[in-house]
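Here is a set of questions and answers on how the terms used for a protein model follow from its values. Each answer sets a value against a cut-off and then draws the conclusion.

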Amino acid sequence: MPNDKTIIQVNNNLADLGKQHDADITVLADAKDFLEKLAAVDYQAEPTAFLKAAQQDRILWVKWLEKLAADDHAGLRAESVIQAIKDNSTKDAIFGLDVGNNTEWALRQLPFDQDQKYTMSAWYGTMGFGLPAGLAAKLSFAKRQVWTISGDGGYAMVMPDLLTEVKYHLPIVNVVLENKSFGFIGHEKLQANQAPYGIDLVGADWAKAAESMGAIGLTATNLAELKAAMTKIEQLQTNGNNLPIVLDAKILDIDPIDTNVVMTDENVFGIEAVADYRKTYELSATEQPAFSQLLADAADNQ
Ligand SMILES: Cc1ncc(C[n+]2csc(CCOP(=O)(O)OP(=O)(O)O)c2C)c(N)n1
């Protein structure tokens, strides 16, 4: 936490107030109630340069993801698959997310700005959470569209749950992001300067496996096949399909950008580190300027 900021902590558990950090104001309340009451207060603060820069930064980030999503020259990217799910899901869809790089990709691009819901194993990070989460969602909200998004590692751990989806006629759309790798562990090894041993998976024809279990299987290896798969899913849904669907998306094994430390500010990280970071993730200095630049631009326009 920066030292020069006023900290307001809201928590519905008294023992948690001030537990990890001193707070200037502590509020014993449920965060939802607190935010609803706060939003109802008739007060409009002038947007600061920092807020404007952060909003601009967010616009550029979304643009960058969309650019990646539109590019399959080297193979299908995870961003393209999530973008397709975003474009083809209903305003009240429910998403069961698995654990791994796939969680990051899903959370980065899915909008959750209407009546969508999602569930994930955020605290325990239990791989194999996606499929059972989808089952629970469809049983709880029978009329709503339900998607699950998993990596091939997490999906392989719980694939037999597909039989339960078949048995109870639950037309859930299960998307498997097959990168033939425990991608997230690959990222951790990269960060820890360790060799990437023990993380490669053999992959499988998940569509064929789904068909053999009584579900509908689709495969996408590029943008055209992805589009065709989404059209097929829509047709099935319009025609009252009651079978689960598995979309085997054969994606490139690309490490998602690490947003723990975003090294685009030369004033903070130095010119060399920023250049390395940009190179790793193919970030352009003009399309994704340093945050300090955005802040300076926003201050100029105040
Ligand atoms: C049950 C369980 N085992 C192991 C882990 C450690 N773990 C976290 S992410 C991950 C790899 C996930 O691989 P995959 O499902 O293929 O998804 P990707 O990261 O490639 O998208 C592992 C092994 C875990 N979180 N849960």
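Q: What makes the pair Lys250 and Asp248 a salt bridge?
A: In this predicted model, the side chains of Lys250 and Asp248 meet with 2.7 Å from N to O. A salt bridge needs a side-chain nitrogen of Lys or Arg within 4 Å of a carboxyl oxygen of Asp or Glu, so the pair qualifies.

Q: Why is Asp248 called buried or exposed?
A: The relative accessibility of Asp248 is 0%, and since buried means under 20%, Asp248 counts as buried.

Q: Which class does Lys250 fall into, and why?
A: Lys250 has 24% relative accessibility, which lies between the 20% limit for buried and the 50% limit for exposed, and therefore Lys250 counts as partly exposed. Lys250 and Asp248 also belong to a network of salt bridges that includes Glu178.

Q: How do you know that Lys32 and Glu36 form a salt bridge, and where do the two residues lie?
A: Their side chains meet at 3.6 Å, N to O, and because the cut-off is 4 Å, the pair is counted as a salt bridge. Both residues lie in helix α1, 4 residues apart, which is about one turn of the helix.

Q: Why do Lys32 and Glu36 receive their accessibility labels?
A: Lys32 has 56% relative accessibility, and because exposed means over 50%, Lys32 counts as exposed. Glu36 has 46%, a value between 20% and 50%, so Glu36 counts as partly exposed.

Q: What makes Arg77 and Glu79 a salt bridge, and are the two residues buried or exposed?
A: The N to O distance between their side chains is 3.1 Å, so the pair meets the 4 Å rule for a salt bridge. Both Arg77 and Glu79 are buried. By this rule the count of salt bridges comes to 9.

Q: Why is Ser80 called buried or exposed, and which helix holds it?
A: Ser80 lies in helix α3, residues 78-88. Its relative accessible area is 2%, and because buried means under 20%, Ser80 is buried.

Q: What makes the pair Ser80 and Ala69 a polar contact?
A: A polar atom of the Ser80 side chain lies 2.8 Å from the backbone oxygen of Ala69. The limit for a polar contact is 3.5 Å, so this distance is within the limit.

Q: How do you know that Gly154, Gly153 and Asp152 make polar contacts with the ligand?
A: A backbone N or O atom of Gly154 lies 2.7 Å from an oxygen atom of the ligand, a polar backbone atom of Gly153 is 2.9 Å from a ligand oxygen, and an N or O atom in the Asp152 side chain is 3.4 Å from one. A polar contact is a pair of N or O atoms within 3.5 Å, so these three distances meet the rule. The protein covers 78% of the 590 Å² of accessible area that the ligand has on its own.

Q: Which element gives the most residues to the shell around the ligand?
A: Helix α6 gives the most, with 4 residues. The elements that give two or more are α4 (101-109), α6 (152-158) and α8 (183-191). In total, 17 residues surround the ligand, and the residues of this shell divide into 6 nonpolar, 10 polar and 1 charged.

Q: What is unusual about the phi of Phe112 and of His169, and why?
A: Most residues other than glycine have a negative phi. Phi of Phe112 is near 45° and phi of His169 is near 50°, and each is a positive value in a residue other than glycine. Phe112 is found in the loop between α4 and β4, and His169 lies in the loop between α7 and β6.

Q: Why do Phe112 and His169 receive their accessibility labels?
A: The relative accessible area of Phe112 is 23%, which lies between 20% and 50%, so Phe112 is partly exposed. For His169 the value is 49%, which is not over 50%, and therefore His169 is partly exposed.

Terms used. Residues numbered from 1 in each chain as written. Predicted model: local features only at pLDDT ≥ 70, side-chain atom pairs only at ≥ 80, totals over all residues. Heavy atoms only, no water. Near = heavy atom within 4 Å. Polar contact = N/O pair within 3.5 Å; in protein donor to acceptor, adjacent residues only side chain to side chain. Areas by Shrake-Rupley, 256 points an atom, 1.4 Å probe, with all protein chains shown as cover. Nonpolar A, V, L, I, M, F, W, Y, C, P; charged D, E, K, R; others polar. Buried < 20%, exposed > 50% of the residue type's maximum accessible area, 1.4 Å probe, protein only.
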